[in-house]
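Work through the following exercises on charged side-chain pairs with the sequence and the model at hand. Each task is followed by a solution that goes step by step.

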Amino acid sequence: MGGRWQIRFNKVQPQVSNKLWEDLLLGVVGEQFTYPEEINGIVISIRNNQDTMSIWNKSGRDQEIINAIKSDIVRILGIPDSAQMFYEQFNMTEEEK
């Protein structure tokens, strides 16, 4: 089953999330990912103190794909040092937990 990368940004500069969202959107549409067929969707959640972007993918158990997507995200967005980035795998069986 799939998973998602989440990136959290503190609202130090309000326009940072807007620019990063635009860059991510263009990266997905322009197939700038190593495995473009793996990207299921992207989401941004705007909050008062922190914004969160999520990049959803199909293969949550393939570490090569997960790592490639992370590298692509860092390359496309030029992730700032203040960003918190982590991966969440979906639909894990009891044996995999």
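Throughout, a residue is called buried when its relative accessible area is under 20%, exposed when it is over 50%, and partly exposed in between, with a 1.4 Å probe and protein chains only. The model is a predicted one, in which local features need pLDDT of at least 70 and side-chain atom pairs count only at pLDDT 80 or more, while totals for chains, interfaces and linings use all residues. Residues are numbered from 1 along each chain as its sequence is written, and side-chain values use heavy atoms, with hydrogens and water left out.

**Exercise 1.** Determine which pattern of helices and strands the protein chain follows along the sequence.

*Solution.* Begin with the inventory, taking helices (H or I, at least four residues) and strands (E, at least two) as DSSP runs numbered from the N terminus; the protein chain has two helices and four strands. Reading these along the sequence then gives the pattern β-α-β-β-α-β.

**Exercise 2.** State how many salt bridges a search of the whole structure finds, and explain what the pair R4 and E88 ties together.

*Solution.* A salt bridge requires a side-chain nitrogen of Lys or Arg within 4 Å of a carboxyl oxygen of Asp or Glu, and the search of the whole structure finds three. In one of them the side chains of R4 and E88 meet, with an N to O distance of 2.8 Å. Since R4 belongs to strand 1 (residues 3-10) and E88 to strand 4 (residues 84-89), the pair ties together parts that lie 84 residues apart in sequence. As to accessibility, R4 counts as buried at 18%, whereas E88, at 30%, is partly exposed.

**Exercise 3.** For the salt bridge of D23 with K19 and that of D72 with R75, establish where each pair lies and how accessible its residues are.

*Solution.* Take D23 and K19, whose closest N and O atoms are 2.8 Å apart: both lie in helix 1 (residues 15-29), and, being four residues apart, they are separated by about one helical turn. D23 is buried at 17% relative accessible area, while K19 is partly exposed at 46%.

Turn next to D72 and R75, with closest N and O atoms 3.1 Å apart; these residues of helix 2 (residues 63-77) are three residues apart and likewise separated by about one helical turn. Here D72 is buried, with a relative accessible area of 4%, and R75 is partly exposed, with 49%.
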